Number of protein chains: 2
Amino acid sequence: MGSMTGSVVVAGCEWLEYDYGPALVPQDRPASFTMWRYRDLLPLPDGPVRYPLPIGGTPLLPVPALRQEAGTPRLWVKDETRNPTTSNKDRATALVIEDGLRRGIDTITTASTGNAAVSTAFGAAAAGLRAVIFVSLECRPEKIAMMTQAGAWVFQVPAGYAAATDLSRDAARAFGWLDRNTGANPVTLEAKKTVAFEVWEQLGRVVPDVVVAPVGDGPTLVALDKGFDELVRCGLATRRPRLVGVQAEHCQPLVRAWQGRTAAPADLDPAATAADGIAVLRAAIGDAVLDAVRRDGGAMVAVSETALDDAVGVLARRAGLSAEPAGASALAGLGSAVGQGLVDRSETVVLLVTGRGKAAAGPPDQRRVAVVDGLDEVAQLLAGEETR
Amino acid sequence: MGSMTGSVVVAGCEWLEYDYGPALVPQDRPASFTMWRYRDLLPLPDGPVRYPLPIGGTPLLPVPALRQEAGTPRLWVKDETRNPTTSNKDRATALVIEDGLRRGIDTITTASTGNAAVSTAFGAAAAGLRAVIFVSLECRPEKIAMMTQAGAWVFQVPAGYAAATDLSRDAARAFGWLDRNTGANPVTLEAKKTVAFEVWEQLGRVVPDVVVAPVGDGPTLVALDKGFDELVRCGLATRRPRLVGVQAEHCQPLVRAWQGRTAAPADLDPAATAADGIAVLRAAIGDAVLDAVRRDGGAMVAVSETALDDAVGVLARRAGLSAEPAGASALAGLGSAVGQGLVDRSETVVLLVTGRGKAAAGPPDQRRVAVVDGLDEVAQLLAGEETR
């Protein structure tokens, strides 16, 4: 019982007591485990890290109840929902902004409809930067509300998501802003590869047999591949894990490409899946995903909406983990991979759980939302605004 | 730039390269900082910790942009939203369940309408225990949905919240379950006091001048008092901080008691505040709260709904932190305390941000929800169910 000695009642409240002395608190400083641990493998100049939010160092959970139910005694969950805005996007946001803080850049931009935009908005707020997010007209109000709650500007582009991405990248070039667009900035891969380093260290400097990860635009999986590859190149590991990429059956362009099959219209219907975070028709770095999976001896698998829904429930009931459908898709994908004989239940398998659901605190702040067609309108709307 | 040497293109994707070697990854094991660090000051027998979720070790954020806006150069935010279910309740849940795991108890119960219930449901799921939650009929469906999503049983008690608490405590005694009710189990204070130890260590073994914390039932503030008191008794500190407790103007029984004034009906209307997490009419350990604030030289302050709403917005826009109104109330309370001359802007002040908003994944699972009046019905409903 530690050094507990008994109890007293203080103002009607029972206080346990101990044999008090200075040795009861450890003398070493409590160490924080963040992605900056791997700074020698990041494009990060010397000097103190300025980004104010702790990022990464997320737990690798042993999930005892889930292991028992799934019959997978060496299953682990890498819980990326423990990042500041509850998704793995925070790693990329942090490294891009850290670069900006050092270079004195005061604005960051991205096109996104989801976790990357929320991560960018809150990360910029924490660092005192301005965030300018480009979305399509279809972007849901509650997501826009999350972005404006953190003070971001949100520009809706009528020509659609691809046009929003183009406009964001054009703005970054024209105005000298930080470009956090997925697949456009190699720094995002650098940041996300730290997940591989963490998993390897958390397993006791051991490479798992398999890592299962959601695939939308592709950087999450490609970054895992690069991270494990670098461990091999450092002489710290002798092999990479097989990577299994997961897409929803309703939006599985890369699964079909992996299978060498033509995607049917029903395979390319992003609005039909609850896993909006991975419902990407034209992956930003799809070729790199297929290349990584091929070199690793891995695979691409598709999962049904029922399997996604079940995965969300099982993670909650058996791992105590609240995940959004895209975030839980790795568990659904493991079921699919085991069913196809791609993974054996006795292997050491790591599921990457990438994000959880978010609650907006109210409606969007319409003073920071506008429909735009081009850069001129963007410049006009931002003119005169002091940088936040 | 770390050891970066250049870049290559892999499958259309730019990969940065480094001067690879084993020294690029630190050789020490990455340390995890959790509340178990303080086990010598917890009622915890020797042996490995069995609770599977990492708890505590939450960041103390320097909040540079917020400091600048608020004119408070030594302001810190203790971000308890980084716990597994995004609130400080997870500390108490973990220590109660750890005790149960060691004693072979398979069920935990609490009455709660909010964060404590969600924390209990998910914590029990992670540990393979059954959670039985008692709520009033007024408990909102989305909160019940969070609880059943994690597999908890939810019993609605028509006689109201006080009766729900009585029934939960009766059930714990009758059936030998773990009792996680706020104020009933001294272990909950023991767990929550670790916040004080962490703040002290994170400031470099320095006691802050002031800690501002939300007050509903009272354990969060009383536990801070006990934690700092124990640092003094251990000979590690020479004083305690002043504690400032915050309630909403619409539900401020303890503020009125502190002022020695009779509470008007408008001061006792819990449904009128957005800060539901601290809207408690009869605090479980209110006397202990007043006693702690008095001994510390602190105070109790009330905050308006406008101030709460502003605090949520400022935390998002200036600290990159998404908090629910009760969770953000410490920032509103700081404004009130500064306005009353209770706190000086130049002091070292720590705000305890206790929780963020949560999103349910769907409707409640009605198979695990029932209206009950007494223990017999509870026993009948649970009979035959295998422990999860």
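This is a tour of a predicted model with chains A and B, taken one selection at a time.

**Both chains**

Start with the whole assembly, coloured by chain. A turn of 180° and a shift of 0.0 Å along the axis lay chain A on chain B with an RMSD of 0.0 Å. The two copies are thus related as by a two-fold rotation axis. The same surface serves both of them, since 100% of the contact residues of chain A recur in chain B. To find the axis, select Ala359(A): its C-alpha is 2.6 Å away, and no residue of chain A comes closer.

**The interface**

Next, select the residues at the contact between the chains. Chain A supplies 91 residues and chain B supplies 91 residues. About 7300 Å² is buried between the two chains, with 61% of that on carbon and sulfur atoms. Show Trp15(A), Tyr20(A) and Arg82(A) as sticks: in chain A they lose the most area to chain B, together 10% of what that side buries.

Then turn to the polar side of the interface. There are 4 salt bridges across it, and 21 residue pairs are in polar contact between chain A and chain B. Helix H8 of chain A (residues 219-233) gives the largest share of the side that touches chain B, 7 residues.

**Arg37(A) and its two partners**

Select Arg37(A), which is buried at a relative accessible area of 17%. Within its own chain, Arg37(A) forms a salt bridge with Glu201(A), the closest N and O atoms being 2.7 Å apart. Glu201(A) is in helix H7 (residues 194-202) and Arg37(A) is in the loop between strands E2 (13-18) and E3 (60-61), so the pair ties together parts that are 164 residues apart in sequence. Both residues of this pair are buried.

Now add Asp28(B). A second salt bridge joins Asp28(B) to Arg37(A), with closest N and O atoms 3.4 Å apart. This pair crosses between chains, and each of its residues sits in the loop between E2 and E3 of its own chain. Asp28(B) is partly exposed, at 46% relative accessibility. For the counterpart, select Arg37(B) and Asp28(A), whose side chains also meet in a salt bridge at 3.4 Å, N to O.

**Glu17(B) and Arg233(A)**

Move to Glu17(B) and Arg233(A), another salt bridge, at 2.9 Å from N to O. Glu17(B) belongs to strand E2 of chain B and Arg233(A) to helix H8 of chain A, so the pair joins two chains. The Glu17(B) end is buried, with a relative accessible area of 18%, while the Arg233(A) end is partly exposed at 38%.

**The network around Arg240(B)**

Select Glu17(A), Asp225(B), Asp229(B), Arg233(B), Arg240(B), Asp291(B), Arg295(B) and Asp296(B) together: salt bridges link them in a network. Centre the view on Arg240(B), in the loop between helix H8 (219-233) and strand E10 (242-248) of chain B. At 23% relative accessibility, Arg240(B) is partly exposed. Its side chain makes polar contacts with the side chains of Asp225(B) at 3.3 Å and Asp296(B) at 3.5 Å. Beyond four places in sequence, Arg240(B) also touches others, including Val207(B), Phe228(B) and Val232(B).

**Helix H10 of chain A**

Go back to chain A and select residues 286-296, helix H10. Of its 11 residues, 8 are buried, so the helix is largely enclosed by the rest of the structure. Among the buried ones are Val289(A), Leu290(A), Asp291(A) and Val293(A). The cover comes from both chains: it includes H8, E10, H9 and E11 of chain A, together with E1 and E2 of chain B. Just after the helix, select Gly297(A), where phi is positive, near 75°.

**Ser119(A)**

Next is Ser119(A), in helix H3 (residues 115-127). With a relative accessibility of 1%, Ser119(A) counts as buried. Its side chain is joined to that of Asp90(A) by a polar contact of 2.6 Å. Other residues it touches, leaving out those up to four places away in sequence, include Thr85(A), Lys89(A) and Thr93(A).

**Arg356(A)**

Finish at Arg356(A), in the loop between strands E12 (349-353) and E13 (369-371) of chain A. How far away is the nearest side chain of opposite charge? That side chain, Asp79(A), is 5.2 Å away, and Arg356(A) is buried without a salt bridge. Since the cut-off for a salt bridge is 4 Å, a separation of 5.2 Å falls outside it. Display the contacts of Arg356(A) to see both chains: among them are Thr81(A), Ser322(A) and Glu324(A), along with Pro84(B), Thr85(B) and Thr86(B).

Key
Residues are numbered from 1 along each chain as its sequence is written. Chains are lettered from A and ligands numbered from 1 in the order in which they are written. This is a predicted model: local features need pLDDT of at least 70, side-chain atom pairs count only at pLDDT 80 or more; totals for chains, interfaces and linings use all residues. Side-chain values use heavy atoms; hydrogens and water are left out. Copies are superposed by least squares on the C-alpha atoms of residues with pLDDT of at least 70 in both. Contact means heavy atoms within 4.5 Å. Helices (H or I, at least four residues) and strands (E, at least two) are DSSP runs, numbered from the N terminus. Buried means under 20% relative accessible area, exposed over 50%, partly exposed in between (1.4 Å probe, protein chains only). Lys and Arg count as positive and Asp and Glu as negative; His and the chain ends are not counted. A polar contact is a pair of N or O atoms within 3.5 Å; within protein, one must be able to donate a hydrogen and the other to accept it, and residues adjacent in sequence count only if both atoms are side-chain atoms. Buried area is the accessible area (1.4 Å probe) that two parts lose on being put together, summed over both.
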